[in-house]
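Visitor: I've got a model here and would like to walk through its contacts with you. Can we take them one kind at a time?

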Amino acid sequence: MSAAPPAGGARKRPQLTGRAAVLAVVVCAIAVSLAYPVREYITQRRNIAELEQQRARLLADIKVLDDRRRQLADPAYKDRIARERLFYCEPGKTCHVVMGEKPVRETEAAPERKAAAPPWYLTLWESVEAADTGKGRKAIGSR
């Protein structure tokens, strides 16, 4: 006894045919085989971009250093630096050195001095003394 075909005489076709299964396997194999090269390509492009940025930074550094080299090769610049920093005096001229504060040029305004922070060891010692005498401030959030 055989099963009776559905009405209309048409047989129901299976959802997944052999050809469709083979096609799915081939597509998956291609996708898997391309995943690693695509990942490597993206990684290499990222590395190239980073190297180009590094190259641009290094070229900018080279330009700055080259400008500085040209500046140091200039005899007039060397003379000016020697007068300002080392207090050299040219032969035949009378030079005076004022001790104390650095002289302010007439065209420049006197810069405002900021209160210098005490050295770290002085701050540490003051905090130890304050903790010993009980005069220190409490930390925020302590009870």
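Visitor: Okay, salt bridges to begin with: how many does a search of the whole structure find?

Guide: Quick caveat before the count: this is a predicted model, where local features need pLDDT of at least 70, side-chain atom pairs count only at pLDDT 80 or more, and totals for chains, interfaces and linings use all residues. Residues are numbered from 1 along each chain as its sequence is written, and side-chain values use heavy atoms, with hydrogens and water left out. A salt bridge here is a side-chain nitrogen of Lys or Arg within 4 Å of a carboxyl oxygen of Asp or Glu. Searching the whole structure that way gives 7 salt bridges.

Visitor: Which residue does Asp66 form a salt bridge with, at 2.7 Å between the closest N and O atoms?

Guide: Look along helix α1, residues 18-73 (helices are DSSP runs of H or I, at least four residues, and strands are runs of E, at least two, numbered from the N terminus). The partner sits 3 residues away from Asp66 in that helix, so the two are separated by about one helical turn. Asp66 itself is partly exposed at 24% relative accessibility (buried means under 20% relative accessible area, exposed over 50%, partly exposed in between, with a 1.4 Å probe and protein chains only). The partner is Arg69.

Visitor: And which residues are linked with those two in a network of salt bridges?

Guide: Asp66 and Arg69 both belong to the network. The other members are Lys63, Asp67 and Arg70.

Visitor: What is the N to O distance between Glu90 and Arg83?

Guide: Glu90 is partly exposed at 33% relative accessibility, and Arg83 is partly exposed too, at 39%. Glu90 also forms a salt bridge with Lys93, with closest N and O atoms 3.6 Å apart, and Lys93 is exposed at 54%. For Glu90 and Arg83, the N to O distance is 3.1 Å.

Visitor: Which cysteines form a disulfide?

Guide: With a disulfide taken as a pair of cysteine sulfur atoms within 2.5 Å, the count comes to 1. The sulfur atoms are 2.0 Å apart, and the link is right-handed, with 80° about the S-S bond. One partner is partly exposed at 34% relative accessibility and the other at 43%. In that order, they're Cys89 and Cys95.

Visitor: How many aromatic pairs are there, and is the geometry stacked or edge-to-face?

Guide: Rings of Phe, Tyr and Trp (its six-membered ring) pair if their centres lie within 6.5 Å; planes under 30 degrees apart are stacked, over 60 edge-to-face and the rest tilted. That gives 1 aromatic pair. Trp120 and Tyr121 form it, at 5.9 Å centre to centre with 85° between the planes, which makes it edge-to-face.

Visitor: Last one: at roughly what angle do the axes of α1 and α2 cross?

Guide: The chain has 3 helices and 0 strands, and α2 covers residues 75-85. Axes are lines fitted to C-alpha atoms, for helices over the stretch in contact (heavy atoms within 4.5 Å), with angles from 0 to 180 degrees between N-to-C directions. The α1 and α2 axes come within 5 Å, and the crossing makes the helices roughly perpendicular (65 to 115 degrees; under 35 is roughly parallel, over 145 roughly antiparallel, the rest oblique). The crossing angle is roughly 80°.
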